Amino acid sequence: MTDTQEPEHQGNMTRRKVVVAGGVAVAAVGVGGAAAVNAFADEAASGTATAASGAETCYTLTSETTEGPYYIDADKIRQDVTEDQEGIPLTLVLKVIDAETCKPVRNAAVDIWHCSALGVYSGYEAMSNGGGGAPSGGPTDVPTGTPTGEPPSGPPPGGGGGHAEPTDDKRYLRGTWRTDRHGHVTFRTVFPGWYRGRCVHIHVKVHVDGTWTDAGYEGGHTCHTGQLFFSEKSVLASAEVAPYSTSTVTRTTLDEDTIYPGNGHEGGLLYLSYDKRHIARGVHARLTLGVAPDETHDSTDTAPSPSATSS
């Protein structure tokens, strides 16, 4: 079904080369072997809509946020990043524009990566205990509007901190794809889960001025490093669906998160469409990213938002 929401307004890399391992993935997306995502009823969204004619309105820059420790430099060139991961099907559509001119940024390399439905990052499964991922067994701790317990102190796992070296060769829920002439890029994945100290989110990077080759993407620089966030309403709905409902990890809300800038869509809050009664059928998420193509933002210049509530 057509998404009926109104449209939103919203480090230098050394030689960067990606190798296509195993070709483009064609993994099935979603629950019960569904191969496609169906977006249904809207989730209400605030913000100024573009005109019906499709004319652009210039945006402010999308907030830069920390890269987090679990980034792996673009080693999967693909739109479908699901692999064998269970979860609510999610279609993510991003539009990358120059925030100064509002022109689409073409041929950019966009990376996304996020945790599984149970809070585990591929490449870092051995680091998931205590930081991400739900422990097996024990009572189900389904998140509510007011989570039980206090958020842990210290930097949230997967949020700030330096880069960690991968502990395994898994690469599910990670991928890189090229923006088209309209600046659009689409990924197929699953709705992320949550882990200790962080709200539900997806990491994103935008690379420009590189060269696409038969092997992947080379050179260029990173003009945006950010995170994409989900409304509390959608997270609460997802928590009613397995495997999310089996998580025993105390959830951090959007307002409690120390990384979310607290500035709505400008800060990465996604526009979402889904059937409120049947979210398991799939979620459609979208956002316009306003970037500064001539600048470098590789996360080394970014600290956690001072406006976010401390955990």
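In the predicted model, four strands form an open sheet in the order 4-1-8-7, and the pairing within this sheet is mixed. Strand 4 (184–190) and strand 7 (271–273) are the edge strands, each of them pairing on one side only. On average, neighbouring strands of the sheet are turned by 20° against each other, direction ignored. Strands of a sheet pair through backbone hydrogen bonds, in either a parallel or an antiparallel manner. Strand 1 (residues 89–98) and strand 4 run antiparallel and are joined by seven bridges. Within this pairing, Pro-89 has Val-190 of strand 4 as its bridge partner.

A further set of pairings involves strand 2 (residues 109–113). Strand 2 and strand 3 (residues 174–178) run antiparallel, with five bridges between them. In this pair, Asp-111 stands opposite Thr-176 of strand 3. Strand 2 also pairs with strand 5 (residues 201–213), in the antiparallel sense and over five bridges. Here Trp-113 stands opposite His-203 of strand 5.

The side chains of strand 2 were examined for direction and burial. Ala-109, Asp-111 and Trp-113 point one way from the strand, whereas Val-110 and Ile-112 point the other way. Residues on both of these sides are buried. Because five of the five residues of strand 2 are buried, the strand is largely enclosed by the rest of the structure.

Cysteines were considered next. Cys-102 has a relative accessibility of 8% and counts as buried. Cys-115 also counts as buried, at 1% relative accessibility. The count of disulfides in the model comes to zero, the criterion being a pair of cysteine sulfur atoms within 2.5 Å.

Backbone geometry was then inspected. Most residues other than glycine have a negative phi, and most peptide bonds are trans. The peptide bond from Ala-242 to Pro-243 is cis, with omega near 5°. Pro-243 is placed in the loop between helix 1 (232–238) and strand 7. A positive phi, near 60°, is found at Asn-107, a residue other than glycine. Asn-107 belongs to the loop between strand 1 and strand 2. With a relative accessibility of 38%, Asn-107 counts as partly exposed, because the partly exposed class lies between the limits of 20% and 50%. Asp-209 likewise has a positive phi, near 65°, but Asp-209 lies in strand 5. The relative accessibility of Asp-209 is 61%, so this residue counts as exposed.

Side chains of opposite charge can pair when their charged atoms come close. A search of the whole structure finds eight salt bridges. One of them is formed by Lys-205 and Glu-67, whose closest N and O atoms are 2.9 Å apart. Lys-205 lies in strand 5 and Glu-67 in the segment before strand 1, so this salt bridge ties together parts that are 138 residues apart in sequence. Both partners, Lys-205 and Glu-67, are buried.

Another salt bridge joins the side chains of Asp-80 and Arg-188, at 3.9 Å from N to O. Asp-80 is located in the segment before strand 1 and Arg-188 in strand 4, so the pair ties together parts that are 108 residues apart in sequence. Asp-80 is buried, with a relative accessible area of 3%. Its partner Arg-188 counts as partly exposed, at 30% relative accessibility. Arg-188 thus belongs to one of the edge strands of the open sheet, strand 4.

A salt bridge is also formed between Asp-275 and Arg-277, with the closest N and O atoms 3.9 Å apart. Asp-275 counts as buried at 8% relative accessibility, whereas Arg-277 counts as exposed at 71%. These two residues, together with Arg-281, are linked in a network of salt bridges.

How values were computed. Residues numbered from 1 in each chain as written. Predicted model: local features only at pLDDT ≥ 70, side-chain atom pairs only at ≥ 80, totals over all residues. Heavy atoms only, no water. Buried < 20%, exposed > 50% of the residue type's maximum accessible area, 1.4 Å probe, protein only. Helix = DSSP H or I, 4+ residues; strand = E, 2+ residues; numbered from the N terminus. Pairing = 2+ DSSP bridges. Axes fitted to C-alpha atoms, helices over the stretch in contact; angles between N-to-C directions. Salt bridge = Lys/Arg side-chain N within 4 Å of Asp/Glu carboxyl O.
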